[in-house]
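Reader: I would like the terms set against their cut-offs, one at a time. Where should we begin?

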Protein chains: 2
Amino acid sequence: MLDICLLGTGGMMPLPYRFLTSMIARINGSSILIDCGEGTQVALRKKGWSAKPVDVICFTHFHADHISGLPGFLLSMANADRTEPVLMIGPKGLSRVVASLRVIARDLPFVVDCLELDDKEHTINLDSCRIKAFRVNHSVPCYGYSITVDRAGRFDADAARALGLDVKYWSRLQKGETVTVDGREYYPSMVMGKERKGLKVTYCTDSRPTRDITENAKGSDLFICEGMYGDTAELDKARDKKHMTFFEAAAMAAEAGVDRLWLTHYSPSLNHPAEYIEETRKIFDKTEVCKDGASVTLVFEDGEASE
Amino acid sequence: MLDICLLGTGGMMPLPYRFLTSMIARINGSSILIDCGEGTQVALRKKGWSAKPVDVICFTHFHADHISGLPGFLLSMANADRTEPVLMIGPKGLSRVVASLRVIARDLPFVVDCLELDDKEHTINLDSCRIKAFRVNHSVPCYGYSITVDRAGRFDADAARALGLDVKYWSRLQKGETVTVDGREYYPSMVMGKERKGLKVTYCTDSRPTRDITENAKGSDLFICEGMYGDTAELDKARDKKHMTFFEAAAMAAEAGVDRLWLTHYSPSLNHPAEYIEETRKIFDKTEVCKDGASVTLVFEDGEASE
């Protein structure tokens with residue numbers, strides 16, 4: 001099970017009715033935050049979710065609207081009595097930027113580790129999921145992120161019984177271990193079915209459309225993508241500022257064949273993004289123009305909540 | 001004329017319904033901001049006032065709830081096409097803190113000057129008013145501020161005529177200049193009445209009550225003071241954290257004989273500060289428990305809007 005909430009949907013500057021773009025994912029008691037602009041701690045509080053279990057904070061890039069809320073967010077985690085380390089992931093320079101911003105958040109009851117990205121792609125394996133960062137095309141180094149919850153095949157109890165394997169060894173095989181009993185080796189592949197479809201969410205701001213984004217979005221249950229401009233007449237501006245229009249995001253979603261597309265990161269000048277939804281759905285019909293607080297619980301395709 | 005707005009009334013952390021404590025004053029087209037926590041730019045936008053004319057930003061101290069909104073605020077000023085320099089005033093270390101926070105707000109179209117306070121008191125004369133900073137008693141170096149709009153005496157046209165002074169010299173005398181006509185010197189005191197009562201606002205968070213605060217609050221049309229805790233039962237906590245209760249603020253207001261007291265900077269645990277207003281008014285009856293956006297236009301006592 002993967003809970004996703006889009007804490008804010010604004011680009012560039014926070015507005016009284018629109019927090020800055022940020023996403024939070026909850027997976028088995030652990031949370032991952034992507035981007036943390038000014039007000040993210042308030043948006044999270046408004047949603048009613050806690051800052052304490054945020055184990056990872058990913059940054060797309062270091063423009064202020066994506067990181068200015070970090071000191072306050074760290075202090076709110078401290079205030080929630082977090083003591084476990086926090087891993088931050090972001091482009092090269094992350095440690096320096098975080099250290100600078102921490103001039104007003106020095107004393108934290110937890111360690112902050114920084115993982116700086118420099119390659120085109122980078123995969124980080126966590127206990128709860130897998131994060132893949134992929135470089136996108138903005139005016140400064142910027143990354144998109146896919147969060148994937150892999151799902152092993154189903155355990156075949158009949159096969160295990162047929163092998164004469166005692167029940168006490170089953171869980172080890174389920175975890176991927178090889179088991180030796182009476183000198184005979186038993187491999188997971190002997191008792192596990194084919195890997196099943198897991199869950200995948202892909203998040204991308206700020207960028208021009210790229211092939212890498214489309215490739216990484218493939219297989220996503222949810223593709224969250226910036227839509228800085230609703231009006232195609234603003235395509236030149238989007239090109240100039242290295243952003244996207246709704247239509248460009250929808251075209252990528254269609255090509256990637258994702259289950260659904262959430263648009264976010266609207267220009268402050270875009271007061272009514274929903275005005276463009278009908279036209280955008282002609283390109284990709286499962287598009288949603290999100291508002292702050294949009295959330296969904298993604299479950300495995302057979303409806304099982306968790307393994 | 002002096003417009004005052006309390007942009008937020010929260011201490012420690014911003015809440016969905018309460019921005020962090022910050023005050024803005026508007027005087028003859030120039031604005032002065034005191035404190036700039038996370039969300040201050042949003043609160044200002046919500047109020048409908050512009051960030052562009054903010055010529056001075058004063059910081060009481062460098063706890064995050066008083067300065068974390070600075071990078072975003074500076075960028076919103078840049079976005080409003082400000083090009084004139086901005087003066088920042090705050091305790092020693094200001095330049096370093098501002099430089100660190102500007103890691104995400106480097107390229108601004110205006111110069112930022114920092115004035116660091118180290119003495120017990122410090123007066124800054126501006127074109128529009130006079131700012132007096134005075135040290136208060138918090139867990140880190142912290143200052144309160146008084147903003148005073150002085151008001152010269154009334155020009156005595158009859159006296160000027162009796163002196164045989166041509167009208168064309170009057171305005172120079174009104175501005176405080178000495179004028180020489182036909183070898184004779186004319187001094188402002190010859191044509192100006194007694195200095196009249198101006199306007200004064202005093203602002204103080206975060207501190208224990210002190211004699212200096214009371215002294216500096218004297219003569220204020222408006223005294224804005226922290227009220228971290230409403231319940232007197234929390235006095236020990238107030239002492240420990242170097243904050244104040246409502247009653248302590250009201251006692252200072254009464255002793256200083258201010259015209260009115262606005263309470264602000266409530267603890268996040270204080271959900272309904274208005275519950276304590278009746279008891280507080282027994283100590284100082286012109287106390288108001290402010291909400292975000294509270295504002296007032298102070299005018300000279302004879303009702304004249306400006307000189």
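**Strands, sheets and contacts**

Author: With a pair of strands: strand S12 (residues 196–204) of chain B and S13(B) are joined by 4 bridges and run in the parallel sense. This is a predicted model, in which local features need pLDDT of at least 70 and side-chain atom pairs count only at pLDDT 80 or more, while totals for chains, interfaces and linings use all residues. Residues are numbered from 1 along each chain as its sequence is written, and chains are lettered from A and ligands numbered from 1 in the order in which they are written.

Reader: What makes S12 and S13(B) a pair?

Author: Strands pair if DSSP finds at least two bridges between them. S12 and S13 of chain B have 4 bridges, so they pair. One facing position is B:Cys204, opposite B:Cys225 in S13(B). The strands are DSSP runs (E, at least two residues; helices are H or I, at least four), numbered from the N terminus.

Reader: Why is strand S13 of chain B called mostly covered?

Author: Of its 5 residues, 5 are buried, where buried requires 20 or more other C-beta atoms within 10 Å of a residue's own (exposed: 12 or fewer; partly exposed: in between; C-beta atoms placed from the backbone). Both faces of S13(B) are covered, with B:Leu222, B:Ile224 and B:Glu226 on one side and B:Phe223 and B:Cys225 on the other.

Reader: Where does A:Val111 sit, and why does A:Val111 count as exposed or buried?

Author: A:Val111 lies in the loop between H3 and strand S6 (112–117) of chain A. A:Val111 has 10 C-beta neighbours inside 10 Å, so it counts as exposed. From A:Val111 to A:Glu84 the C-alpha distance is 7.1 Å, with their positions 27 residues apart in sequence.

Reader: What class does A:Glu234 fall into?

Author: A:Glu234 has 19 other C-beta atoms within 10 Å and is therefore partly exposed. Its place is the loop between S13 and helix H7 (235–241) of chain A. Leaving aside neighbours within four places in sequence, A:Glu234 is in contact (C-beta atoms, placed from the backbone, within 7 Å) with A:Tyr229 and A:Thr245. A:Thr245 is 11 residues from A:Glu234 along the chain, and their C-alpha atoms are 7.4 Å apart.

Reader: Which strands stand at the edges of the sheet that contains S13 of chain A, and what makes them edges?

Author: The sheet is open, has 7 strands in the order S7-S8-S9-S12-S13-S14-S15 (chain A), and is mixed in its pairing. Strand S7 (121–125) and strand S15 (287–289) each have a single partner strand, so one side of each lacks a neighbour in the sheet. Neighbouring strands are turned by 20 degrees against each other on average, direction ignored (axes are lines fitted to C-alpha atoms, for helices over the stretch in contact; angles run from 0 to 180 degrees between N-to-C directions). Within this sheet, S13 (residues 222–226) and S14 (residues 261–264) of chain A run parallel and share 4 bridges. There, A:Glu226 has A:Thr264 in S14(A) as its bridge partner. Helix H8 (residues 246–256) of chain A packs on the sheet, touching S13, S14 and S15, and makes about 155 degrees with the direction of S13(A).

Reader: What is the order of the other open sheet in chain A, and which strands are its edges?

Author: Its order is S6-S5-S4-S3-S2-S1-S16, again 7 strands with mixed pairing. S6 and strand S16 (294–298) of chain A are the edge strands, since each pairs on one side only. Here the average turn between neighbouring strands, direction ignored, is 15 degrees. Strand S1 (residues 2–8) of chain A and S16(A) are antiparallel and joined by 5 bridges, and A:Ile4 has A:Val296 as its bridge partner in S16(A). H1(A) lies across S1 and strand S2 (22–27) of chain A, at about 125 degrees to S1(A).

Reader: Which residues touch the most other members of the largest nonpolar core?

Author: They are A:Ala253, A:Leu261, B:Ala253 and B:Leu261, in a core of 168 residues. A core is a set of buried Ala, Val, Leu, Ile, Met, Phe, Trp, Tyr and Cys residues joined through C-beta atoms within 7 Å. Among the contacts of A:Ala253 beyond four places in sequence are A:Phe223, A:Leu261 and A:Phe284.

Reader: How do you know what relation holds between chain A and chain B?

Author: A rotation of 180 degrees with 0.0 Å of shift along its axis superposes chain A on chain B, at an RMSD of 0.1 Å (least squares on C-alpha atoms with pLDDT of at least 70 in both). That is the relation of a two-fold axis.

Reader: Why do the copies meet through the same surface?

Author: Because 100% of the interface residues of chain A are also interface residues in chain B. The contact takes 26 residues from each of chain A and chain B. Helix H1 (40–47), helix H2 (70–79) and helix H3 (94–101) of chain A each supply at least two residues of the side that touches chain B, and H2(A) gives the most, with 5 residues.

Technical notes. Contact = placed C-beta atoms within 7 Å.
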